[in-house]
Amino acid sequence: MRVLGLDLGSRTLGVSVSDALGMIAQPVTTIRFEEDDYDSAFEQVQTYIKEYQIKTVVLGLPKHMNGDVGIRGDISIMFKKRLETLGVAVVLWDERLTTVAAQRILIAADVSRKKRKKVIDQMAAVQILQGYLDSQS
């Protein structure tokens, strides 16, 4: 059973999906939308939920380093509630440092700065989803 991973930003949404066994996360795409146009992002996520027959979504929850949830976190919580109206379970996953980890992986793989900018959000979604998948085994 596949699981969808999401890294929600103010203008981008990184999307990843697990393999059929729910063990390995892989990048899918980066959805781009007008700043704070979460309706557009939501509509596009629905297509992936249908395409991959998703029952569980892991959504990154941005927190401050002290653990507090700020405005970005509140937006993710609202997005979670909206996703739940589609009949999927949504798990909020602490995403602190996932973008940093994704950057390190891409730099280690010698990916150019221009290319990194295009894929960083989906790689962060992979980090979020893989963290969740690892916790389940």
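## Asp 39 and its partner in helix α2

Asp 39 is partly exposed, with a relative accessible area of 43%, in what is a predicted model. The side chain of Asp 39 meets that of Arg 82 in a salt bridge, with 2.6 Å from N to O. Because Arg 82 belongs to helix α2 while Asp 39 belongs to helix α1, this pair ties together parts of the chain that are 43 residues apart in sequence. Arg 82, like its partner, counts as partly exposed, at 32% relative accessibility.

## The other salt bridges

The structure holds 3 salt bridges, and another of them joins the side chains of Arg 11 and Glu 35, at 4.0 Å from N to O. Arg 11 sits in the loop between β1 and β2, and Glu 35 sits in the loop between β3 (25-32) and α1, so that this contact ties together parts that are 24 residues apart in sequence.

A further salt bridge is formed by the side chains of Glu 84 and Lys 80, where the N to O distance is 2.6 Å. Here both residues belong to helix α2, and because they are 4 residues apart they are separated by about one helical turn. Glu 84 is partly exposed, with a relative accessible area of 34%, whereas Lys 80 has a relative accessible area of 18% and is therefore buried, the limit for that class being under 20%.

## The largest nonpolar core

The largest nonpolar core contains 22 residues, and those that touch the most other members are Leu 4, Leu 6, Leu 13, Val 45, Val 57, Phe 79 and Leu 83. At least two residues of this core are supplied by each of the strands β1 (3-8), β2 (12-18) and β4 (56-61), and likewise by each of the helices α1 (38-51) and α2 (71-84). Helix α1 provides the largest share of the core, namely 6 residues.

Helices α1 and α2 thus appear in two parts of this account, since each supplies at least two residues of the core and the pair formed by Arg 82 and Asp 39 links one helix to the other.

## A positive patch on the surface

Which residues gather in a patch of positive charge on the surface? They are Arg 32, Lys 114, Lys 115, Lys 117 and Lys 118. Helix α4, which covers residues 113-136, gives the most to this patch, with 4 residues. Lys 118 is one of the patch members and lies in helix α4; with a relative accessible area of 48%, Lys 118 is partly exposed.

## Two loop residues with positive phi

Asp 36 is not a glycine, and yet its phi is positive, at about 60°. This residue is found in the loop between β3 and α1, the loop that also holds Glu 35 of the salt bridge with Arg 11. With a relative accessible area of 45%, Asp 36 is partly exposed.

Gln 53, also a residue other than glycine, has a positive phi near 50°. Gln 53 is found in the loop between α1 and β4, and its relative accessible area of 62% places it in the exposed class, because that class begins over 50%.

How values were computed:
Residues numbered from 1 in each chain as written. Predicted model: local features only at pLDDT ≥ 70, side-chain atom pairs only at ≥ 80, totals over all residues. Heavy atoms only, no water. Patch = residues over 30% accessible without salt bridge, like charges linked within 9 Å, V, L, I, M, F, W, Y side chains within 5 Å. Areas by Shrake-Rupley, 256 points an atom, 1.4 Å probe, with all protein chains shown as cover. Lys, Arg positive; Asp, Glu negative; His and termini not counted. Charge placed at Lys NZ, Arg CZ, Asp CG, Glu CD. Buried < 20%, exposed > 50% of the residue type's maximum accessible area, 1.4 Å probe, protein only. Core = buried A, V, L, I, M, F, W, Y, C linked by side-chain atoms within 4.5 Å.
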